[in-house]
Every structure is written in structure tokens, then in C-alpha cells.
Amino acid sequence: MSDTVSLCGLGNMGGAVAGRLAAHGPLLVFDLDAERVTQVAQAPRITAAAAVPDLAASDIVVLSLPTPKASLQVIADLAPQMRAGGVIVETSTVNPADVVEEQKICAAHGIGIVDAAILSGVSQMAGGSATLLVGGDQSDVDRVSGVLDAISATITRFGPVGSGMAAKVINNAVAHAVMVVLAEAGALAAATGVSGSALAALLSGPEAGLTRPLTHRFVERVLRGDYDGGMPTEAARKDSTLALAMAQDTGVPLFGIHGAHTVYELGVADGLGRLDYASIATLWERWTSRPMTDTSNDEGDDQ
């Protein structure tokens with residue numbers, strides 16, 4: 001990274017991104033908070049811009065903004081001023097549909113866009129250990145590769161525009177749902193005399209309840225569409241019923257686990273009883289008319 005890069009947005013994350021970019025080359029920055037701009041611009045290699053359109057002096061502009069609305073407005077102001085062939089890198093947390101709208105604005109002016117969702121906190125970004133989840137046309141991703149490398153050493157490419165943001169939203173949804181289930185598990189453990197630390201050690205094992213559903217049932221079965229053999233769906237329903245009964249006996253309210261049990265009832269009713277319980281994924285395939293099988297054998301490219 002040698003040419004000047006622009007950055008719009010100097011909040012907590014934006015400030016950390018500014019530090020990463022300035023460590024690799026000259027940086028032009030803007031934020032609505034003039035005091036923040038003045039403070040950040042005191043660092044070597046960083047220059048303050050007076051307004052959003054001034055950021056168009058660079059062919060690559062990075063966004064770190066608080067809302068999708070703010071990103072759309074900045075792009076609407078910025079894209080007409082940029083030179084054709086420039087690229088905007090969207091690191092703000094937005095939905096895939098927002099990035100698609102941003103792409104429409106950019107395309108009208110010959111500008112590319114890459115979504116680079118940040119899967120880390122501010123301290124990880126500042127320390128260089130953040131992860132970027134990237135989506136966009138390959139030519140645009142290649143064009144900004146130096147900037148992405150400056151921001152993070154860990155970059156995973158997911159696919160077209162919006163896919164990086166989609167991956168972050170999905171990851172966070174899984175984390176938040178798993179946290180509910182873990183809280184329920186902890187409550188059941190406390191009610192039945194199971195040590196919390198012993199439970200954590202059990203769940204973290206390679207053959208246990210947190211890891212194996214991903215590494216075996218999702219990767220080896222769902223993505224391959226292979227449901228022969230294994231633990232039957234009707235057996236998973238039985239185990240789930242036992243958990244519900246234990247929760248009732250001990251007075252532990254369940255939400256995530258109870259909701260999940262409903263899916264196993266549906267699976268058995270739909271004729272999946274003797275198939276491996278990963279076959280419940282076929283319910284979603286039928287409901288959405290979108291297969292999950294991965295014929296490309298491409299699970300994301302780490303750069």
C-alpha cells in the first residue's frame with residue numbers, strides 16, 4: 001500500500017482502522033466530529049479532509065460508519081466525485097441488501113465496492129488480529145488487496161458483493177443463539193449437580209455437543225447431502241424429550257432447546273426418523289427451495 005487511501009468514519013472502530021492503514025501508507029480522513037478528525041490527524045501520515053467529497057482524491061475509500069443510512073448517504077456524495085475504476089471498501093456493519101444498494105450507486109459512476117465485514121472488536125483491530133469477511137467482484141477485491149492486508153492479516157473471501165456482510169450476520173446469529181442454549185445448559189447443570197467447569201470441558205471436546213454438529217453433521221453430512229447411517233432423527237427426538245422432561249422436573253425454563261425440539265418432531269413426522277438427524281436440514285431446503293449441498297467443495301478462501 002503506497003498511494004493515499006481515504007477513510008470516512010473515525011468512531012471507535014474507525015479510529016483503530018485509521019491506525020492500521022496509516023502504519024502502511026498515507027491516509028486522508030473525515031468524520032462529522034471535527035474534534036475527532038483533528039485528534040486523529042495528529043498522527044504521522046494522516047491528513048484531515050474538510051468534507052466527504054474531498055475523500056475522492058483517493059482511488060480507494062474505506063467506510064467505517066454507524067448506520068446503513070449513513071453509508072448510503074456518504075456513497076451518494078462520494079461516488080460521483082471519484083475517478084472511474086475506484087473502489088469503496090465497506091467495513092461498516094450493514095445487511096447484504098444494503099451493500100447491494102450501495103453497489104447500484106457505485107456502478108452508476110463506474111466505481112466498484114467491496115464489503116469487508118470486521119469479525120473482531122476494537123482491541124483486536126488495533127492489535128492487528130482482526131478478521132475480515134470479504135465479498136465483491138474478484139477484480140475489485142484484487143484492486144484493494146493491499147488495503148485489506150493493511151487492515152488485517154486474516155482475510156476470508158466468501159463470494160459476491162454482500163456475502164461478507166451476510167457471513168458476519170450469520171456468525172453473530174449463531175453465537176447469540178448458542179449463548180442462549182449454553183445458559184440453559186448451565187441452568188440444567190446447576191439443577192442436577194453437574195459441575196459447570198466439567199460441563200464446559202465436556203462440550204468443548206471434538207466429539208461433543210458444540211463441535212461435532214459443525215465438523216461432522218454440517219460439514220460431512222449436510223454439505224454432502226449424506227444422511228445414511230448415523231444417529232437417527234427419532235433417537236435425537238428421544239434425547240431431546242429427555243432433556244425437556246429433566247427441565248420440567250428441575251424447574252428450569254427452556255427456550256432455545258425447547259424450540260429446537262419442535263424441529264425434530266417435524267422431522268420425524270416428515271419421514272426422516274431413520275435417517276441421521278442432520279437430515280433436518282432438508283426441511284429448510286424444502287421450505288426455501290435452496291439446496292445446502294456444496295458441490296464446489298469451496299468453504300471460503302483464506303488469504
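Q: How do you know that β4 and strand β5 (residues 87-90) pair?
A: In this predicted model, β4 and β5 are joined by four bridges. Pairing takes at least two bridges, so these strands count as paired, and they run in the parallel sense. For one bridge you can look up, isoleucine 60 has valine 87 in β5 as its partner.

Q: What makes strand β1 (residues 5-8) a partner of β4?
A: Three bridges join β1 to β4, and the two run parallel. The cut-off is at least two, so this pair counts as well. Look for serine 6, whose bridge partner in β4 is valine 61.

Q: And how do you know that β1 and β2 pair?
A: Here there are four bridges, again in the parallel sense. With at least two needed, β1 and β2 therefore qualify. One spot to check is leucine 7, which stands opposite valine 29 in β2.

Q: Which way do the residues of strand β4 (residues 60-63) point, and are they buried or exposed?
A: Ile60 and Val62 point one way, Val61 and Leu63 the other, and all are buried. That fits a broader pattern: in a regular strand the side chains alternate between the two faces of the sheet.

Q: What makes both faces of β2 count as covered?
A: Leu27 and Val29 sit on one side, Leu28 and Phe30 on the other, and all of them are buried. Buried means under 20% relative accessible area, so each of these residues falls below that mark.

Q: Why is α1 called mostly covered?
A: Count its residues: eight of the eleven are buried. They are Met13, Gly14, Ala16, Val17, Ala18, Arg20, Leu21 and Ala22.

Q: Which element gives the most to the largest nonpolar core?
A: That's α1, with six residues. The core has 32 residues, and Val17, Leu21, Leu27 and Leu148 touch the most other members. Apart from it lies another core, of 26 residues, among them Leu28, Leu65, Cys106 and Ala117. In general terms, nonpolar side chains in soluble globular proteins tend to be buried together.

Q: Why is glycine 25 called buried?
A: Its relative accessibility is 2%. The limit is under 20%, so glycine 25 counts as buried. You'll find glycine 25 in the loop between α1 and β2 (27-30). Its C-alpha atom is 6.7 Å from that of threonine 4, though the two are 21 residues apart along the chain.

Q: Why is serine 289 called exposed?
A: Serine 289 has 64% relative accessibility. Exposed means over 50%, so serine 289 makes the cut. Serine 289 belongs to the loop between α13 and β9 (301-302).

Q: What is the phi of serine 289?
A: Phi is near 60 degrees, a positive value in a residue other than glycine. Arginine 45 also has a positive phi, near 75 degrees, and is found in the loop between α2 (34-40) and β3 (46-48).

Q: How many aromatic pairs are there?
A: The count is two. In one of them, the rings of tyrosine 264 and tyrosine 277 have centres 6.1 Å apart and planes at 65 degrees. Centres must lie within 6.5 Å, and over 60 degrees counts as edge-to-face, so this pair is edge-to-face.

Q: What makes tyrosine 264 and tyrosine 277 a tie between parts of the chain?
A: Tyrosine 264 lies in helix α12 (residues 256-269) and tyrosine 277 in the loop between α12 and α13 (281-288), so the pair ties together parts that are 13 residues apart in sequence. Both tyrosines are buried.

Q: Why do tryptophan 284 and tryptophan 287 count as edge-to-face?
A: Their ring centres are 5.1 Å apart and their planes at 70 degrees. Those values are within 6.5 Å and over 60 degrees, so the pair is edge-to-face. The two are three residues apart in helix α13, which means about one helical turn separates them.

Q: And why are these tryptophans called partly exposed?
A: Tryptophan 284 has a relative accessible area of 36%, and tryptophan 287 has 44% relative accessibility. Partly exposed is what lies between the 20% and 50% limits, so both fit.

Methods. Residues are numbered from 1 along each chain as its sequence is written. This is a predicted model: local features need pLDDT of at least 70, side-chain atom pairs count only at pLDDT 80 or more; totals for chains, interfaces and linings use all residues. Side-chain values use heavy atoms; hydrogens and water are left out. Rings of Phe, Tyr and Trp (its six-membered ring) pair if their centres lie within 6.5 Å; planes under 30 degrees apart count as stacked, over 60 as edge-to-face and the rest as tilted. Buried means under 20% relative accessible area, exposed over 50%, partly exposed in between (1.4 Å probe, protein chains only). A nonpolar core is a set of buried Ala, Val, Leu, Ile, Met, Phe, Trp, Tyr and Cys residues joined through side-chain atoms within 4.5 Å.
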